[in-house]
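Biologist: Hello! I'd like a close look at one part of this model, and then whatever else you can tell me about it.

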Amino acid sequence: GITVSLFIVLYIQSELSFEKEYTHYENIYRLASSNWAKSSPPASEAIKEYFPEIKESGRVALFRGGRNIAVIDDTHFPINNGYYVDQSILNIFDRELLSGNLEGLLERPYTLVLTEKVAKTLFGDKDPVGEAIKFAFGELQNAREYEITGVIQDFPEKSHVKIEYLISMSTFYEDHPDGWTGSRTWKVMYTYLLFDNDGDYSNVNSKIRDFQYDHQLNEFYTKEDLIARGDFFELHPIKDIHLKSHREQEMGPNSHIRYIYIFGALAILIIIVASANFINIFVTQALKRSKEVGIRKVTGAYRSQLINQFLLEAFLYTLLSTFIALILCSLALPLFNELANQNFTFRDLLRKEHLLIISVLIIGVTFISGGYPAIFISGFKIVDSIKINQIPQSSLSNSRKVLLILQFIIAIFMISST
């Protein structure tokens, strides 16, 4: 039970860790709408001008479907997750520049920046700054060259932002007609906003509807049209996107917060079943020591001392079980990674937050599993403890039946719920 619970805790912690590698993740928001994750090309600059509380704004737009073939010296490399990007995105998501000049990094059309992972794939240990890349669209001989102007730190794996190479935003305007790029209702870009604090965010959020009226409404798109569509602007914290955002045109498939609740409840139920089983076994073993309890009471032992003794024994059993569970986790980790599509290592189990959860788990199981037997056994009268046949079997039998029925109910519930 502890082994399975540890795997569940590991998975839940992983799901809750999305975006937390960014320094300012608590102050980064995405400008979305009720139905769409994207916003229009002019929205980023317009909202920053409208609200001085916004420290930084930046846009991200998919580059030619995201999946492309890069051509370098007649060698073809498949690369994914390409996006048109404002240079301000590097500040919002605090990506370190590893090579190149920050000034004018993504200003000129047909320039691009590679992430460290892609740079190593395409060029090995060579510095790619100044090199040229072509993308195989149609006839390669007529393909335009893109100049590499820099290499940046990879985006975190635990992030909804999946960007592997960045095309200058000015290229977007070269690739699309003015009638499109100036549209305030063409939802094609992810717009991110950085605030200094929660107070600035609250001020902007309270007036976001006023901004939308000012920004979008005209003679062809009236307030009545907007209300009929119900597609109002929203500021969505990026820390909630992975589990709580399921709008149209998300950057990638997201999980759902309901799975966190389901797996959390599952872990608790498994621990309850295991604890109930442990209680039955512990009580059976403790009954064999009833004479010991009686003799200790005769010699002056207090009930509290007996309770502490049984709790200590339960703690040691739980500690040993947890140690064995950690060994089983390390052995089963490759299979779990394959099933859950993760890449956990045993070191992840030993991170500070996981050790804290394991400690709470040990203490909780100790009191759940050892508490009842300790109170029950230590409560025997001295005469009943010495005369084993006088122990109140009916009370013991009833409690064990209740625990057994509880185990069956939980087991049937979990099986029927899958």
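Which residues lie nearest the centre of the largest pocket, and how many residues line the pocket?

Modeller: Happy to help. This is a predicted model, in which local features need pLDDT of at least 70 and side-chain atom pairs count only at pLDDT 80 or more, while totals for chains, interfaces and linings use all residues. Residues are numbered from 1 along each chain as its sequence is written, and side-chain values use heavy atoms, without hydrogens or water.

The largest pocket has 18 lining residues, and Phe-18, Lys-162, His-242, Pro-253 and Asn-341 lie nearest its centre. A pocket here is an open set of points on a 1 Å grid over the protein atoms alone, where a 1.4 Å probe fits and protein lies on both sides within 12 Å along at least five of seven lines; lining residues have an atom within 4 Å of a point. The space in the largest pocket comes to about 490 Å³, the volume being that filled by probe spheres set on points joined across faces, edges and corners. Its lining is made up of nine polar, five nonpolar and four charged residues. In this count Asp, Glu, Lys and Arg are charged, Ala, Val, Leu, Ile, Met, Phe, Trp, Tyr, Cys and Pro are nonpolar, and the others, Gly among them, are polar.

Now to the charged pairs. The whole structure holds nine salt bridges, each a side-chain nitrogen of Lys or Arg within 4 Å of a carboxyl oxygen of Asp or Glu. One of them joins Asp-196 and Lys-55 at 3.6 Å, N to O. Asp-196 sits in the loop between strand 11 (190–195) and helix 7 (198–206), and Lys-55 in strand 2 (residues 54–62), so this pair ties together parts 141 residues apart in sequence. Strands (E, at least two residues) and helices (H or I, at least four) are DSSP runs numbered from the N terminus. Asp-196 is partly exposed at 47% relative accessibility, and Lys-55 is partly exposed at 43%; buried means under 20%, exposed over 50% and partly exposed in between, with a 1.4 Å probe and protein chains only.

Another salt bridge joins Arg-108 and Glu-147 at 3.2 Å, N to O. This pair links distant parts of the chain, 39 residues apart: Arg-108 is in the loop between strand 6 (97–100) and strand 7 (111–115), and Glu-147 is in strand 9 (residues 145–152).

Arg-95 and Asp-94 also form a salt bridge, at 3.8 Å, N to O. Here Arg-95 is buried at 9% relative accessibility, whereas Asp-94 is partly exposed at 22%.
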